[in-house]
Amino acid sequence: MKATIKSLTFLLFAGFVSFSAVAQEAKPKPSPAATATGKVNGATITINYSSPAVKGRKIWGGLEAYDKVWRAGANDATTFETDKDIKVEGKNLPAGKYSFFLIPRESGTWTAIFNKEPKQWGAFKYEEAKDALRVDVKVKPLAETQERLVYNVNSKGFSLDWDKVSVPVAVK
């Protein structure tokens with residue numbers, strides 16, 4: 001009798017754990033992982049990021065502070081990889097994998113940062129001394145709100161679009 005009760009208890013517990021795991025897998029992530037990739041002047045560029053949504057929030061100067069290093073996505077720091085040496089906004093960036101950060105500024109001229117430490121959680125352990133490159137970029141207003149953060153790679157470089165802002169970065 002005791003063995004039967006123990007077996008039944010074990011089976012119920014195992015079933016509950018399995019059901020919980022399946023239920024968690026089915027739940028969509030608030031900031032799902034995404035990848036943007038493309039060719040720019042013969043170099044393959046790959047950007048891995050997590051894509052948060054606006055959800056009615058004030059993003060710039062609210063959720064994401066001005067004048068502070070931001071991971072340019074959600075969760076892990078965004079990564080930027082190029083298989084060839086490139087020029088970003090006219091400055092050299094060697095082939096490799098980098099974490100990509102932005103410093104949003106109310107003035108509309110933001111700083112794009114390529115950091116030599118690609119595996120980071122957010123910007124919590126960001127070290128300026130490990131920057132491979134910093135460039136200033138001019139943001140552009142979007143005609144319509146971009147609900148979910150998205151990166152786009154095109155023949156002129158790449159852009160981050162989110163909320164009412166596009167952050168284009170020129171690559172050659």
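In the hairpin of β1 and β2, which residue takes a positive phi? In this predicted model, the residue is Asn41, whose phi lies near 50° in a hairpin that has 2 residues between the strands.

## Strands β1, β2 and β3

Strand β1, covering residues 33-40, runs antiparallel to β2 and is joined to it by 8 bridges. Within this pairing, Ala36 stands opposite Ile47 of β2. Strand β2 also pairs in the antiparallel sense with strand β3 (residues 78-82), here over 4 bridges, and in that pairing Thr46 stands opposite Glu81 of β3.

Strand β2 spans residues 43-50, and 6 of its 8 residues are buried, so this strand is largely enclosed by the rest of the structure.

## The nonpolar cores

The largest nonpolar core has 33 residues, and those with the most contacts inside it are Phe80 and Tyr151. The elements that give two or more residues to this core include β1, β2 and β4 (86-88), together with β6, β7, β8 (131-138), β9 (140-154) and β10. It is β10 that gives the most to this core, with 6 residues.

Tyr151 itself, when residues up to four places away in sequence are not counted, touches Ala36, Ile47 and Tyr49, then Ala72, Thr78 and Phe100, and finally Phe158, Ser159 and Leu160. Ala36 and Ile47, which stand opposite each other in the pairing of β1 and β2, are thus both listed among the residues that Tyr151 touches. Apart from the largest core lies another core, of 5 residues, among them Ala77, Ile103, Ile113 and Tyr126.

## Aromatic pairs

The structure has 12 aromatic pairs. One of them is formed by Phe100 and Tyr151, whose rings lie 6.3 Å apart from centre to centre with 75° between the planes, an edge-to-face arrangement. This pair links distant parts of the chain, with Phe100 in strand β6 and Tyr151 in strand β9, 51 residues apart. Phe100 counts as buried at 2% relative accessibility, and Tyr151 counts as buried at 3%.

The rings of Phe101 and Tyr126 have their centres 5.0 Å apart and their planes at 65°, so this pair too is edge-to-face. Here the link is between Phe101 in strand β6 and Tyr126 in the loop between β7 and β8, distant parts of the chain that are 25 residues apart; both Phe101 and Tyr126 are buried. Ring pairs also link Tyr49, Phe80, Phe100, Phe114, Tyr151 and Phe158 into a cluster, and Phe80 and Tyr151 in that list are the residues with the most contacts inside the largest core.

## Salt bridges

Side chains of opposite charge can pair when their charged atoms come close. A search of the whole structure finds 5 salt bridges, one of which is formed by Asp67 and Arg105, with the closest N and O atoms 3.5 Å apart. Asp67 lies in the loop between β2 and β3, and Arg105 in the loop between β6 (96-103) and β7 (109-115), so the pair ties together parts that are 38 residues apart in sequence. Asp67 is exposed, with a relative accessible area of 57%, whereas Arg105 is partly exposed, at 26%.

Arg134 meets the side chain of Glu128 in a salt bridge of 4.0 Å, N to O, and the side chain of Asp131 in a salt bridge of 2.8 Å, N to O. Of these three residues, Glu128 counts as exposed at 52% relative accessibility, Arg134 as partly exposed at 28%, and Asp131 as buried, with a relative accessible area of 15%. Elsewhere, a network of salt bridges links Glu117, Glu127 and Lys130.

## Ser166 in strand β10

Ser166 has its place in strand β10, which covers residues 157-170, and is buried, with a relative accessible area of 11%. The side chain of Ser166 makes a polar contact with the side chain of Asp161, at 2.6 Å. Leaving aside neighbours within four places in sequence, Ser166 is in contact with Val139, Lys140 and Leu142, and also with Ser159, Leu160 and Asp161. Two of these residues, Ser159 and Leu160, are also touched by Tyr151.

Definitions and conventions: Residues numbered from 1 in each chain as written. Predicted model: local features only at pLDDT ≥ 70, side-chain atom pairs only at ≥ 80, totals over all residues. Heavy atoms only, no water. Buried < 20%, exposed > 50% of the residue type's maximum accessible area, 1.4 Å probe, protein only. Pairing = 2+ DSSP bridges. Polar contact = N/O pair within 3.5 Å; in protein donor to acceptor, adjacent residues only side chain to side chain. Contact = heavy atoms within 4.5 Å. Core = buried A, V, L, I, M, F, W, Y, C linked by side-chain atoms within 4.5 Å. Phe/Tyr/Trp six-rings, centres within 6.5 Å; stacked < 30°, edge-to-face > 60°.
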